[in-house]
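Work through the exercises below with the structure open. Try each task before reading its solution.

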Amino acid sequence: MILEMYMRNCALIEELRLSLDEMLNILTGETGAGKSIIIDALNLTLGSKYDRSFLRKGTDKGLIEIVFHTENKKILNYLAANEIDVEDDHLIIVSRVIFSDGKSSARINGRTVKISTLKYITGMMVDVHGQHQNNALLDVETHIEFLDLFGGDYLDKYKDNYRSIYNKYSEVRRSLNILTENKDDMQIQREIDLLNFQINEIESANLNEGEYQELLKKRDVYRNSEKIYNKLNLSYEGLHNGEINIVDLIGVVSKELHDIAQYDTKLEEYSNDVERIMYELQDISSEIRDYKEHINFEPYELEQVEIRIDEINNLRRKYGDTIEDILKYYDKIVCRLDEIINRDERVEELKRELAALEEDLIVKAADLTTARKELALELEKLLLVELDSLNMKHVSFKVEFSKGVFTYEGKDNVEFMVSFNLGEDMKPINKVASGGEMSRFMLAFKTILADIDGTDTLVFDEIDTGISGVAAQIVGEKLSNISLKKQIICITHLPQIAANATTHFCIEKHIQNNRTFTNIKKLDESSRVDEIARLIAGSKITEKTIDHANEIIETARK
């Protein structure tokens, strides 16, 4: 769950620290006070895209930091596998630094991570529900995702079995499509001619791995051969032919030390060391002489090296950055040429392979469909119970299946059918659901998932869309019930929902020195009654409004 949230230089917020309750946290405030800033900041720490307009005007850098606590073994094991340290208290600090140039960085426990990693980890800890998720239900394509989300781990084995075949099926079908592309004979012949030219060009080059780097070294030596010769000559003369012959001089020293080495172990060490140095110098001077004598100044050899380098560079420009890449490309085009030449045989072979895979795929898809239909029956029962508890007494709900084409998700088309009124036929949910009905439908779904998924924190933004009165009171009670299992953060405009808060925060906006600021304060009992009264009556708060606020709070408490 989220223990604390810190923000600096985010939109209208200069600096803010928010400590959250483990149960139902309610955030209220006047329209435009900055409630959406909190959700936007939270989404940034969950990996959403950063828009530089979110940075407070006149600042270069902003920060959002959230302190999580989790006992989820999957999360802790993933962090350990990625060498992100977590202390024994299982605290996870997620931060997102935002900059004025539109860039941002993400860290987990001080370790910089990719946004994809951030999304994966925080996605297991927080589920943000907003109006867009309600709208997602209007898209029939998402219904199978909702059903599979309900299925959880149970569906994984069926999906894995299906996808292992589907991936092979897709690859074979792709290969078959390439071979049977609608090309005329002229196009095919042009491709054959091009492939033959490329193959011959690479083959005639007779490339060897590592050759290019060796040629570059050799060219460097040839280009500097005169300088190398002169320096080696001076070095050799310094060792042998100078006024003081270093090698002979060390030989004399070695002989003198050898004569007295018998008298002390230290003297023996000196003698051995000097003798070793003398032999090493003799070897080095001999090698220098040999290297010097074999340096060839023939311009022809340098010219040949240059020609070979140019030849390889020409191939690199066409076929790959390295010789290894060029040879990989060669293998690829050889296979492609073979496919074209033997196209008819290969097409028949692929067709047979595709037919066999399709038979397996039909079986695996049927198994997946059967598993989904079993889950759908369970979902229908549970969802109707939850909808009934949300004062939707006469709802009928069914998950309807139809056969589609093979996709990565199977062969099922899934659509949610619903009737919200007694005696009415069931119709697609996107045809009949109002905003309030959609909000309660999604809340029922979240309530069911609260018992299934491992997410510790649920965030509800605009869960009160289209509801009021008794429905709002029931939604508030439902959120309170879910908060017994999950931490809830809910932004609302309705007093019936706000009255159920375990902890109530008020978001306020004020102006100071011609700048606008947003603050959040935790409400005590007295100020909480005032805020509930404001939600009831707006700015005109009377004693009756206060009494009504107290009544709503007391009803929620009971």
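The exercises cover a sheet, nonpolar cores, cysteines and a helix pair in a predicted model.

**Exercise 1. The sheet**

In which order do the six strands of the open sheet run, and which strands are at the edges?

Solution.
- Step 1: Trace the order. The sheet reads β2-β1-β4-β5-β6-β7, with antiparallel pairing.
- Step 2: Find the edges. β2 (13–19) and β7 (111–113) each pair on one side only.
- Step 3: Check the twist. Neighbouring strands are turned by 15 degrees against each other on average, direction ignored.
- Step 4: Zoom in on one pair. Strand β6 (residues 104–108) meets β7 in the antiparallel sense over three bridges. Here I108 stands opposite R111 of β7.

**Exercise 2. The nonpolar cores**

How many residues does the largest nonpolar core have, and which helix gives the most to this core?

Solution.
- Step 1: Take the core total. The largest nonpolar core has 73 residues.
- Step 2: Rank by contacts inside the core. V399, F416 and L479 have the most.
- Step 3: Assign the helix. Helix α14 (residues 343–389) gives the most, with 13 residues.
- Step 4: Inspect F416. Leaving out residues up to four places away in sequence, F416 touches L137, H143, F146, L147, F397, K398, V399, K427, P428, I429 and F441.
- Step 5: Look for another core. A second, separate one has 44 residues, including L46, I84, I507 and I520.

**Exercise 3. The cysteines**

How many disulfides does the model have, and why is C506 not in a bond?

Solution.
- Step 1: Set the cut-off. Two cysteine sulfur atoms must lie within 2.5 Å.
- Step 2: Test C506. The closest cysteine sulfur, in C490, is 15 Å from that of C506, so the pair is too far apart for a bond.
- Step 3: Count. The result is zero disulfides.
- Step 4: Classify the surroundings. C506 has 6% relative accessibility, so C506 counts as buried. C335 has 47%, so C335 counts as partly exposed.

**Exercise 4. A helix pair**

At what angle do the axes of α9 and α11 cross, and which residues make the contact?

Solution.
- Step 1: Choose the descriptors. Two packed helices are described by the angle and the distance between their axes.
- Step 2: Read both. The axes of α9 (residues 225–240) and α11 (residues 265–293) come within 10 Å and cross at roughly 145 degrees.
- Step 3: Add the hand. The crossing of α9 and α11 is left-handed.
- Step 4: List the contact. α9 supplies I228, Y229, L232, N233, S235, Y236, L239 and H240. α11 supplies L281, S285, I288, R289, Y291 and K292.

Methods
Residues are numbered from 1 along each chain as its sequence is written. This is a predicted model: local features need pLDDT of at least 70, side-chain atom pairs count only at pLDDT 80 or more; totals for chains, interfaces and linings use all residues. Side-chain values use heavy atoms; hydrogens and water are left out. Two strands pair if DSSP finds at least two bridges between them. Helices (H or I, at least four residues) and strands (E, at least two) are DSSP runs, numbered from the N terminus. Axes are lines fitted to C-alpha atoms, for helices over the stretch in contact, and angles run from 0 to 180 degrees between N-to-C directions. A nonpolar core is a set of buried Ala, Val, Leu, Ile, Met, Phe, Trp, Tyr and Cys residues joined through side-chain atoms within 4.5 Å. Buried means under 20% relative accessible area, exposed over 50%, partly exposed in between (1.4 Å probe, protein chains only). Contact means heavy atoms within 4.5 Å. A crossing is left-handed if the near helix is turned anticlockwise from the far one by less than a right angle, and right-handed if clockwise.
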